[in-house]
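Reader: I'd like to learn how to read a protein model feature by feature. Could you walk me through one?

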Amino acid sequence: MKIIKLKGSDNIEKIVAIFDQYMMFYKLPSSTEKYKKFLSDRLENQDAIIFLAVDEHEKPIGFVLNYPSYSTLSLGKILVLNDLFVLLEERKKGIAQALINAVFEFAKQEDIIRIDLCTEKSNENAQKLYEKLGFKKAFQYDYYSYDLKK
C-alpha cells in the first residue's frame with residue numbers, strides 16, 4: 001500500500017471511483033460525473049487536500065479529504081478532516097491510520113495548529129481509532145448545523 005497526495009486533476013479517475021462508493025455507503029446515489037466535477041473543482045481551486053491509499057496494483061482502497069481553514073481564537077491555520085473512507089474488504093489493515101498519519105505529516109509541514117473532525121455518534125470503530133491516535137472529544141463546544149437545502 002502507498003499513500004498519494006493528489007494534485008490538480010492527477011489521479012482524478014481513481015479518487016472518483018472510490019468516492020462514489022463512499023457516497024453510496026452513506027446512502028447517496030451513484031453519480032460519478034457529478035462527483036468528478038466536485039472533486040476536480042476542489043483540487044483545481046486548492047480548496048481541499050486529498051490523500052489516496054492504493055494497493056500494489058494501484059487500485060484505490062481508501063482516501064481522506066481535508067479542508068483547510070483558520071481559527072480566530074487560536075490565530076492559526078487548522079485542517080478539517082472531513083471524509084475518511086476505506087473499502088469494507090480492506091478495513092482492519094491499518095489503512096485509515098496510514099491516511100491519518102499522512103494528514104499529520106502534511107499538517108506539520110504546513111504549520112497547521114489543529115486538526116478537527118466529527119463522526120457519527122454510532123461509529124464506535126472510528127472513534128476508537130481517532131482516540132488511539134490522540135484526538136480528544138471537544139466537550140467545551142456543541143456542533144450545530146443549519147441545512148439551507150430544506
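Author: Gladly! Let's begin with contact, which means heavy atoms within 4.5 Å. In this predicted model, Ile15 is in contact with Leu6, Leu39, Ile50, Leu52 and Phe63, once its neighbours within four places in sequence are left aside.

Reader: Which residues touch the most other members of the largest nonpolar core?

Author: A nonpolar core is a set of buried residues of certain nonpolar types, joined through side-chain atoms within 4.5 Å. Here the largest such core has 44 residues, and Ile15 and Phe63 touch the most other members. At least two residues of this core come from each of α1, α2 (32-44), β2 (49-54), β3 (60-71), β4 (76-86), α3 (95-109) and α4 (124-132). The largest share is that of α3, with eight residues.

Reader: Helpful. How many helices and strands does the protein have, and in what pattern do they follow along the sequence?

Author: There are four helices and five strands. Reading along the sequence gives β-α-α-β-β-β-α-β-α.

Reader: Now the overall dimensions. How does the radius of gyration of the protein stand against that of a compact globule?

Author: The idea is to set the value against a rule based on the number of residues. With 150 residues, a compact globule would have a radius of gyration near 15 Å, and the protein agrees because its value is 15 Å. The C-alpha trace spans about 40 × 35 × 35 Å along its principal axes.

Reader: What share of the contacts joins residues 24 or more positions apart?

Author: Taking the contacts with a separation of 6 or more, 56% are between residues 24 or more positions apart.

Reader: And what about the surface and the charges?

Author: The accessible surface comes to about 10,100 Å², and carbon and sulfur atoms account for 52% of that surface. As for charges, the protein has 23 positive and 22 negative ones, and their mean positions are 4 Å apart.

Reader: How do I decide whether a residue such as Val16 is buried or exposed?

Author: Use the relative accessible area: under 20% is buried, over 50% is exposed, and in between is partly exposed. Val16 has 4%, so this residue is buried. Across the protein, 39% of the 150 residues count as buried.

Reader: Where does Val16 lie, and which residues is Val16 in contact with?

Author: Val16 is part of helix α1, which covers residues 12-25. Leaving aside neighbours within four places in sequence, its contacts are Thr32, Tyr35, Lys36 and Leu39. For a distance reading, take Val16 and Lys93: they are 77 residues apart along the chain, and their C-alpha atoms are separated by 22 Å.

Reader: Let's follow one of those contacts. What is the state of Thr32?

Author: Thr32 is placed in helix α2. Its relative accessibility is 36%, so Thr32 counts as partly exposed. Beyond the neighbours within four places in sequence, Thr32 is in contact with Val16 and Asp20. The C-alpha atoms of Thr32 and Gln21 are 9.6 Å apart, with their positions 11 residues apart along the chain.

Reader: Could you give me a strand residue to read in the same spirit?

Author: Try Ile49, found in strand β2. Ile49 counts as buried because its relative accessibility is 10%. Not counting residues up to four places away in sequence, Ile49 touches Lys5, Val64, Leu65, Asn66, Pro68, Leu79 and Phe106. Ile49 and Phe104 are 55 residues apart in sequence, and C-alpha to C-alpha they are 12 Å apart in space.

Reader: One last feature, the backbone angles. What is phi of Gln46, and where is Gln46 placed?

Author: Here the thing to look for is a positive phi in a residue other than glycine, and Gln46 has one, near 55°. Gln46 sits in the loop between α2 and β2. With a relative accessible area of 66%, Gln46 is exposed.

Reader: What is phi of Lys92?

Author: Phi of Lys92 is near 70°, again a positive value in a residue other than glycine. Lys92 belongs to the loop between β4 and α3. Its relative accessible area is 75%, so Lys92 is exposed.

Methods
Residues numbered from 1 in each chain as written. Predicted model: local features only at pLDDT ≥ 70, side-chain atom pairs only at ≥ 80, totals over all residues. Heavy atoms only, no water. Buried < 20%, exposed > 50% of the residue type's maximum accessible area, 1.4 Å probe, protein only. Rg over C-alpha atoms; globule rule 2.2 N^0.38 Å. Areas by Shrake-Rupley, 256 points an atom, 1.4 Å probe, with all protein chains shown as cover. Lys, Arg positive; Asp, Glu negative; His and termini not counted. Charge placed at Lys NZ, Arg CZ, Asp CG, Glu CD.
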